[in-house]
Amino acid sequence: MRPAVVLLAGGSGTRVGAGVNKVLLDLAGEPVLVRALRTALAVPDVVRVVLVVRPEDEQLVAAAVAPHLGEREVLLVHGGATRHASELAALAALEQDLLSGDVDVVALHDAARPLARPELFTRALEAAEAQGGAVPAVELPALVRRDGGPVADLTGDARTVGVQTPQAFRGHDLLAAYRWADASGVEATDTAGCVSAWAAATGTDLAVVAVPSSPANLKVTYAEDVPAAVALLDARTPGLTGW
């Protein structure tokens, strides 16, 4: 594989109650973003790493990550007003690599998920190379209705699955999907949604498969998520390879 990793770091941190972008919050002595970036750089054979940030955060982000890069290079790209727009900006930056074949599979990851491990990226990338697309998924506790009945009574399916990142896709399919979405005015809430909409609209034979993950692949969204992430870091053992 010739993978690229896109880190999406364009959030505002409003829900976490911070005065700065949540990816710049301290997590056990390092910014959240730095932990996600270190993992992206550790993905085997990674060709490109793209970091998507808000224009107003560029200097702060650059200062935060520079001490951790060594000889490695990371491409900083300005994101848009929505997640979809930020993904489109990242793919524009990767377009020549995708067209030339220098990059053939892409993983897109929320930089606010700092605990994902390189193994999870590899699983998603390998599944995407084989099937077209892959998303990490974890089974969630069953839901109940207000009257106490299980959701399975309504849906026929007792399983509730949460979808995480990194989400990975073949490069040429990903580029085609976002070109189609841009031309069609389609905007999805995540990468898999956009690719699936494109595949359905164009009749493209592409499967987006699930790869196993863990609830420990936590996303920093609220203030209490930071100490929870610290606790998960403290509890890590070599046997926990799912996150």
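Two strands count as paired here if DSSP finds at least two bridges between them. With that in hand, let's walk through this predicted model, starting in the sheet.

Strand 4 (residues 48-53) and strand 5 (residues 75-78) meet that condition with four bridges, and they pair in the parallel sense. Within this pairing, L51 of strand 4 stands opposite L76 in strand 5. Now look across to strand 1 (3-9): strand 1 and strand 4 are also parallel, this time over six bridges, and here L7 stands opposite L51. Five of the six residues of strand 4 are buried, so this strand is largely enclosed by the rest of the structure.

Follow strand 1 onward and you reach strand 6 (105-110). Six bridges join strand 1 to strand 6, and the two run parallel; A4 stands opposite V106 in this pairing. V106 is also a handy marker for the next step, since its bridge partner in strand 9 is F169. The direction changes at this point: strand 6 and strand 9 pair in the antiparallel sense, over four bridges.

How many of the residues of strand 6 are buried? Six of its six residues are, leaving the strand mostly covered. Both faces are involved: V105, A107 and H109 are buried on one side, and V106, L108 and D110 on the other.

Next, turn to helix 4 (residues 118-131). At 1.5 Å a residue, its 14 residues should span 20 Å, and the end C-alpha atoms are indeed 20 Å apart, which agrees with that expectation. Its buried residues are L120, F121, T122, A124, L125, A127 and A128. These buried residues tie the helix to the strands we have just visited, packing against strand 1, strand 6 and strand 9 (167-170), among others. Helix 1 (32-42), strand 7 (132-140) and strand 10 (207-212) are also among their packing partners. Just after the helix, G132 takes a positive phi of about 120°.

Finally, have a look at helix 6 (residues 171-184) and helix 7 (residues 191-202). Their axes come within 9 Å and cross at roughly 80°. That makes helix 6 roughly perpendicular to helix 7. On the helix 6 side, the contact is made by D173, L174, A176, A177, Y178, W180 and A181. They meet T191, C194, V195, A197, W198, A201 and T202 in helix 7. What is the character of these residues? The contact divides into eleven nonpolar, two polar and one charged.

Terms used
Residues are numbered from 1 along each chain as its sequence is written. This is a predicted model: local features need pLDDT of at least 70, side-chain atom pairs count only at pLDDT 80 or more; totals for chains, interfaces and linings use all residues. Side-chain values use heavy atoms; hydrogens and water are left out. The expected span of a helix is 1.5 Å times one less than its number of residues. Buried means under 20% relative accessible area, exposed over 50%, partly exposed in between (1.4 Å probe, protein chains only). Contact means heavy atoms within 4.5 Å. Axes are lines fitted to C-alpha atoms, for helices over the stretch in contact, and angles run from 0 to 180 degrees between N-to-C directions. Angles under 35 degrees count as roughly parallel, over 145 as roughly antiparallel, 65 to 115 as roughly perpendicular and the rest as oblique. Ala, Val, Leu, Ile, Met, Phe, Trp, Tyr, Cys and Pro count as nonpolar, Asp, Glu, Lys and Arg as charged, and the others, Gly among them, as polar.
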